[in-house]
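Trainee: Please take me through one part of this model closely, and then show me how the rest of the chain is arranged around that part.

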Amino acid sequence: MGAAFLSSWDSWLLLADALMAGMILAVQWVVYPAFQYFSKDALTRWHSVYTRNITALVAPLMVTQLLGGVYWSTTHPGLIPLLYTFIVCVLWGITFLFFVPLHRQISLGIADSTDLRRLIRLNGLRTVLWLIVLALHLIAHMPRA
């Protein structure tokens, strides 16, 4: 699947990948590190606004990646589409197994500095995985010699 195949669905999927890569980098380098500068009460108040807003931005992108990956894997079977879809599924798992509970602790005001450091450390893994997802998509569209 070369650059000539960049169809409408694939353009939307590539856009979702690029937006998620940018979003996760901003969260990793700016948002999560800033959490340590809030008092516990201020973080609890801010966190409810943050989670509502970030969910509105990220949820449609994650759904697009999941559905687009399944579509890509089934209509154009191959290593890259399968790896892409696998990593997207891993990202969903990591998000719901680790990040939802950590964010719940922050929302309840029971997270401590260890939890905030864990959030940043685990998000480093998600950041790398989301960058790999984007790279796989870009590699799939590199012109073949």
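Trainee: By class, how many nonpolar, polar and charged residues are in the lining of the largest pocket?

Mentor: The lining of the largest pocket has 15 nonpolar, 4 polar and 1 charged residues. The classes are fixed by residue type: Ala, Val, Leu, Ile, Met, Phe, Trp, Tyr, Cys and Pro count as nonpolar, Asp, Glu, Lys and Arg as charged, and the others, Gly among them, as polar. Before going on, note that this is a predicted model, in which local features need pLDDT of at least 70, side-chain atom pairs count only at pLDDT 80 or more, and totals for chains, interfaces and linings use all residues. Residues are numbered from 1 along each chain as its sequence is written, and side-chain values use heavy atoms, with hydrogens and water left out.

The search rests on a simple idea: rolling a probe the size of a water molecule over the atoms shows where empty space is left. Here a pocket is an open set of points on a 1 Å grid over the protein atoms alone, where a 1.4 Å probe fits and protein lies on both sides within 12 Å along at least five of seven lines; a lining residue has an atom within 4 Å of a point. The volume of the largest pocket is about 440 Å³, counted as the space filled by probe spheres set on grid points that are joined across faces, edges and corners.

In total, 20 residues line this pocket, and I54, T55, V58, T95 and R126 are the ones nearest its centre. Two or more lining residues come from each of α1 (8–34), α2 (40–75), α3 (79–108) and α4 (113–140). The largest share, 7 residues, is given by α2. These helices are DSSP runs of H or I with at least four residues, numbered from the N terminus; strands would be runs of E with at least two.

As for the fold around the pocket, the protein has 4 helices and 0 strands, and along the sequence the pattern reads α-α-α-α. Its C-alpha atoms fill a box of roughly 55 × 25 × 20 Å along the principal axes. Of the contacts (heavy atoms within 4.5 Å) between residues at least 6 apart in sequence, 78% join residues at least 24 apart. Of the 145 residues, 37% count as buried, where buried means under 20% relative accessible area, exposed over 50% and partly exposed in between, with a 1.4 Å probe and protein chains only.

Helix α2 can be followed through three of its residues. K40 lies in α2 and is partly exposed, because its relative accessible area is 45%. Beyond four places in sequence, K40 touches G109, I110 and A111. The C-alpha atoms of K40 and P77 are 49 Å apart, with their positions 37 residues apart along the chain. H47, also in α2, counts as buried because its relative accessibility is 0%. Apart from neighbours within four places, H47 is in contact with F35, H103, I106 and S107. Q65 belongs to α2 as well, and its relative accessible area of 1% is why it counts as buried. Its contacts outside the four-place window are L13, A16, D17, M20, Y84, V88, W130 and V133. With D17 there is also a side-chain to side-chain polar contact of 2.7 Å; that term means a pair of N or O atoms within 3.5 Å, where within protein one must be able to donate a hydrogen and the other to accept it, and residues adjacent in sequence count only if both atoms are side-chain atoms.

Helix α4 is the last one to look at. Its N-terminal end is capped by D112, which has a side-chain oxygen 3.1 Å from the backbone nitrogen of T114. At 1.5 Å a residue, the 28 residues of α4 should span 40 Å, and the end C-alpha atoms are 41 Å apart, so the two values agree; the expected span is 1.5 Å times one less than the number of residues. R121 lies in this helix and is exposed, because its relative accessible area is 57%. V128 is in α4 too, and counts as partly exposed because its relative accessibility is 46%. From V128 to T55, which are 73 residues apart along the chain, the C-alpha separation is 20 Å.
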